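Please open the model in your viewer with the sequence panel beside it, and keep a cartoon view ready for the stops that follow.

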Amino acid sequence: TRIEQSSRSTASFQVKPVGYTRAGEVCRGAKSSAASQQSAKAAVPMFWFAAIREDGETFSLVKTRTDLEELQKSMNELVAQATSARDGSVDGGIEALPRLPGKKLLNSNSDAHLKKRVGRYASYLQSSADHPLIGRSEALHAFLTAHTPAPEDMLQRGRGA
């Protein structure tokens, strides 16, 4: 099985936390009119990141926990392909994957928790970008460079990027 990799040979992104939106709140930084603010409420917390490529191009990301879980699933599949390509040998030089930070059920919508969470998610994305296999993958490159719609457009669709 061929492993899809980006043409970039090393980790080429720096990921920084930008902010978050609590579930049920109007999107922070959204330039919504008073009439459209009812439809500009987030159903789930959303997390803002800046992904800065080594050539200086910056991508603005708005992601949900579900988006990060989908990325983790893609990365697990990539490692499974690489492991099977090496006759099941994990010792063949495949570094352990970064772990997605766990979920918290109580007080998970508090400002203090979400501020910590966006920082932990940014660290997770940075570790993924620095990983020797995952950092070169098309899946991570697409995740970090995908177009993110304006906050009010995204919220009117009812889902994160």
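Select aspartate 111 to begin: this residue is partly exposed, with a relative accessible area of 35%, where partly exposed lies between buried (under 20%) and exposed (over 50%), computed with a 1.4 Å probe and protein chains only. Aspartate 111 has its place in helix H2, helices being DSSP runs of H or I with at least four residues and strands being E runs of at least two, numbered from the N terminus. Now add arginine 22 to the selection; although 89 residues separate arginine 22 from aspartate 111 along the chain, their C-alpha atoms are separated by 7.5 Å.

Before going on, bear in mind that this is a predicted model, in which local features need pLDDT of at least 70 and side-chain atom pairs count only at pLDDT 80 or more, while totals for chains, interfaces and linings use all residues. Residues are numbered from 1 along each chain as its sequence is written, and side-chain values use heavy atoms, with hydrogens and water left out.

Zoom out to the whole protein, which has four helices and three strands, following the pattern β-β-β-α-α-α-α when read along the sequence. Of its 161 residues, 42% count as buried. Among contacts (heavy atoms within 4.5 Å) between residues at least 6 apart in sequence, 68% join residues at least 24 apart.

Next, colour the strands. Strand S1 (residues 13-21) pairs with S2 in the antiparallel sense over eight bridges, where pairing requires that DSSP finds at least two bridges between two strands. Within this pair, proline 17 stands opposite phenylalanine 49 in S2. On the subject of S2, how many of its eight residues are buried? Seven of them are, and S2 is therefore described as mostly covered.

Strand S2 (residues 46-53) is also joined to strand S3 (residues 58-63) by six bridges, and these two run antiparallel. Show alanine 51 with its bridge partner in S3, phenylalanine 59, and then phenylalanine 47, whose bridge partner in S3 is lysine 63. Follow the chain from S2 into S3 and you trace a hairpin with four residues between the strands, where glycine 56 in the turn has a positive phi of about 95 degrees.

Stay on lysine 63, which is in strand S3: is this residue buried or exposed? Lysine 63 is buried, with a relative accessible area of 4%. Proline 45 lies 18 residues from lysine 63 in sequence and 8.8 Å from it in space, C-alpha to C-alpha.

Proline 45 leads to the last stop, as Pro45, Arg65, Lys103, Ser108 and Tyr121 lie nearest the centre of the largest pocket, which is lined by 15 residues. About 270 Å³ of space lies in this pocket. A pocket here is an open set of points on a 1 Å grid over the protein atoms alone, where a 1.4 Å probe fits, with protein on both sides within 12 Å along at least five of seven lines, and lining residues have an atom within 4 Å of a point. Select helix H1 (65-85) and helix H2 (111-130), each of which supplies at least two residues of the lining; H2 gives the most, with four residues.

Key
Grid points are joined across faces, edges and corners, and a volume is the space filled by probe spheres set on the points.
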